[in-house]
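Me: I'd like to go through this model and ask what backs up each label. Can you take the questions one at a time?

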Amino acid sequence: MAKLHKKIRCKLDDVPEACRINDYLHGPKDSDCLYDLIVVGAGPSGLFCAINSMQKGKKILIMEKKSSPGHKLLISGSGQCNITHDGNIQDFLDHFGDHGRFLRPALLGFKNSDLISFFGERGLKMIREKGDKIFPETLQARDVLNILTGQCQELGIEIKCNQAVKSIARNEDGFLVAVKAAAIAASCW
Ligand SMILES: Cc1cc2nc3c(=O)[nH]c(=O)nc-3n(C[C@H](O)[C@H](O)[C@H](O)COP(=O)(O)OP(=O)(O)OC[C@H]3O[C@@H](n4cnc5c(N)ncnc54)[C@H](O)[C@@H]3O)c2cc1C
């Protein structure tokens, strides 16, 4: 996943029809758009990153190469999504030996309990199964994805599917993100 803290100009005329009619495409369809942030990939990381980056007045775009978000998330845990693990974060870090130091800020910055609260506050409770594995109580990965995409929709985050990002380059205004069917120009935030 890559994210750009820059404004992005996207020429929607160049976006394939399959994308324009996609259910996940929210926001303006027939004019140029200027984005503050582009996230590449609508997996759980990209969706969550966009949700947490959203600020009032900002425009965020997620570009996904597949036809819909969260393909891998939907097959996680055999479709049930073992979303996290119960227990103390330090115990968790200890499993990674020396690499635990690298993971520490990320895991302490947003703990397993924070994740459970995030989904609980949005109506999806979690249950603990054998081995301290945490699953959505519905045992449906789809419900996890629905919370993330629903949150994007609520916040006005656009998700464009069938958009494989081919390159990201700096230009004089900021960045240029190239996808198969279009060039997207970026200016500084
Ligand atoms: C069979 C299986 C079972 C699993 N079970 C579990 C589980 O129970 N619990 C668990 O925690 N994890 C599980 N995982 C792992 C989990 O699925 C991943 O950790 C998670 O999906 C990673 O999320 P991500 O957003 O980082 O990456 P991904 O889910 O891989 O999302 C990345 C997204 O970026 C898109 N993309 C990539 N390149 C481009 C590009 N150039 N342009 C546009 N879009 C692009 C991809 O299409 C994809 O949608 C499982 C994985 C598999 C394969």
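Me: Which element gives the most to the shell around the ligand?

Reply: That's α3, with four residues. Keep in mind that this is a predicted model.

Me: What makes a residue count as part of that shell?

Reply: Its C-beta atom, placed from the backbone, has to lie within 6 Å of the ligand. On that basis 22 residues surround the ligand, and the closest are Gly41, Gly43, Ser45, Gly77 and Asn82. As for elements that give two or more residues, they are α2 and α3 (71-75).

Me: How do the residues of the shell divide into nonpolar, polar and charged?

Reply: Nine are nonpolar, nine polar and four charged. Gly goes with the polar ones in this scheme.

Me: OK, on to the helices. Why is α2 called roughly parallel to α7?

Reply: Helix α2 (residues 44-53) and helix α7 (residues 141-155) pack at about 30°, and their axes are 10 Å apart. Angles under 35 degrees count as roughly parallel, so α2 is roughly parallel to α7. As for handedness, α2 passes α7 in a left-handed crossing.

Me: Which residues make that contact?

Reply: From α2 you have Pro44, Leu47, Phe48, Ala50 and Ile51, and from α7 there are Leu148, Thr149, Gln151, Cys152 and Leu155. Sorted by kind, the contact of α2 with α7 has eight nonpolar residues, two polar and no charged.

Me: Now the sheet. What makes β6 and β7 edge strands?

Reply: The open sheet has three strands in the order β6-β8-β7, with antiparallel pairing. β6 (84-85) and β7 (126-129) each pair on one side only, and that is what puts them at the edges.

Me: How do you know that β6 and β8 count as paired?

Reply: Pairing needs at least two bridges. β6 and strand β8 (residues 133-136) have two bridges, in the antiparallel sense, so they count as a pair. Threonine 84 stands opposite isoleucine 134 in β8, while histidine 85 has lysine 133 as its bridge partner there.

Me: And how many bridges join β7 and β8?

Reply: Four, again in the antiparallel sense. Isoleucine 127 stands opposite phenylalanine 135 in β8.

Me: Which residue takes a positive phi in the hairpin of β7 and β8?

Reply: Glycine 131 does, with phi near 80°; the hairpin has three residues between the strands.

Terms used. Residues numbered from 1 in each chain as written. Predicted model: local features only at pLDDT ≥ 70, side-chain atom pairs only at ≥ 80, totals over all residues. Axes fitted to C-alpha atoms, helices over the stretch in contact; angles between N-to-C directions. Parallel < 35°, antiparallel > 145°, perpendicular 65-115°, else oblique. Left-handed = near helix turned anticlockwise from the far one by under 90°. Contact = placed C-beta atoms within 7 Å.
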